[in-house]
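Let's take a walk through this protein, piece by piece. Keep the picture open while you read, and look for each part as it comes up.

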Amino acid sequence: MKPWELCDMIGNLIDNAIEAAMLINNSKQWIKVKINKSGNKHMIQIENTGKLDKNIHMKDLFKLGVSTKGTMGRGYGLYIVKQIVEKYNGVVNIEETDSGTVLVTLCLTEEKKQCVKSII
């Protein structure tokens, strides 16, 4: 993977996490980034306070031009993340956790079956 591709993916996801956490109207605004390597499997997880937009289907979040922000010129970040992840035979998953957070998991490996189940 090219360094700029990794920066694009992580940068887009952290930007999204910061924007979502800032929408929480209390003092519990936070994001957590976890990067792990085990054998040939690389996992990146970004979790933040916030909620997913229930009006947008999960698989549509990765389509070009789809944005939860509702403003023109948005909807490129997750599309770019998906393109890079798929280029390297990986998977990406976004979920709302039971504890009221949003968790994005990227798994990059030589074997897709070793990664988290993809929602795409």
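## Hairpins and the sheet

Start with β1 and β2: they form a hairpin with 2 residues between them, and glycine 39, which sits in the turn, has a positive phi of about 65°. Bear in mind that you're looking at a predicted model. The two strands run antiparallel and are joined by 8 bridges. You can pick out single bridge partners here: isoleucine 35 is matched with isoleucine 44 of β2, and serine 38 has lysine 41 of β2 as its partner.

There's another hairpin to find. β3 and β4 make one with 4 residues between them, and in its turn glycine 100 has a positive phi of about 80°. This pair is antiparallel too, with 6 bridges. One of the matches here is asparagine 93 with threonine 105 of β4.

Here are the two hairpins side by side:

| Hairpin | Residues between the strands | Glycine in the turn | Phi of that glycine |
|---|---|---|---|
| β1 and β2 | 2 residues | glycine 39 | about 65° |
| β3 and β4 | 4 residues | glycine 100 | about 80° |

So how do the strands line up? In general, strands of a sheet pair through backbone hydrogen bonds, either parallel or antiparallel. Here, 4 strands make an open sheet in the order β1-β2-β4-β3, with antiparallel pairing. β1 (31-38) and β3 (91-96) are the edge strands, each pairing on one side only. From one strand to the next, the twist averages 10°.

## The helices

Now find α1. This helix lies across β1, β2 and β4, and it runs at about 20° to β2.

How does α1 pack with α2? The angle is about 145°, and their axes are 9 Å apart. The crossing, where α1 passes α2, is left-handed. On the α1 side, the contact is made by Glu5, Asp8, Met9, Asn12, Leu13 and Asn16, while α2 brings Gly77, Leu78, Ile80, Val81, Ile84, Val85 and Lys87. Sort the residues of this contact by class and you get 7 nonpolar, 3 polar and 3 charged.

## The pocket

Last stop: empty space. Rolling a probe the size of a water molecule over the atoms shows where such space is left. The largest pocket has a volume of about 680 Å³. It is lined by 29 residues, and the closest to its centre are Asn16, Ala20, Thr68, Lys69 and Leu78. Two of these names should ring a bell: Asn16 and Leu78 also take part in the contact between α1 and α2.

Which elements give two or more residues to the lining? They are α1 (3-22), β2 (41-49), α2 (77-87) and β4 (101-108). The largest share, 7 residues, comes from α1. By class, the lining divides into 15 nonpolar, 8 polar and 6 charged residues.

Terms used:
Residues numbered from 1 in each chain as written. Predicted model: local features only at pLDDT ≥ 70, side-chain atom pairs only at ≥ 80, totals over all residues. Heavy atoms only, no water. 1 Å grid on protein atoms, 1.4 Å probe; cavity = no way out; pocket = protein on both sides within 12 Å on 5 of 7 lines; lining within 4 Å. Points joined across faces, edges and corners; volume = space filled by probe spheres on them. Nonpolar A, V, L, I, M, F, W, Y, C, P; charged D, E, K, R; others polar. Pairing = 2+ DSSP bridges. Axes fitted to C-alpha atoms, helices over the stretch in contact; angles between N-to-C directions. Contact = heavy atoms within 4.5 Å. Left-handed = near helix turned anticlockwise from the far one by under 90°.
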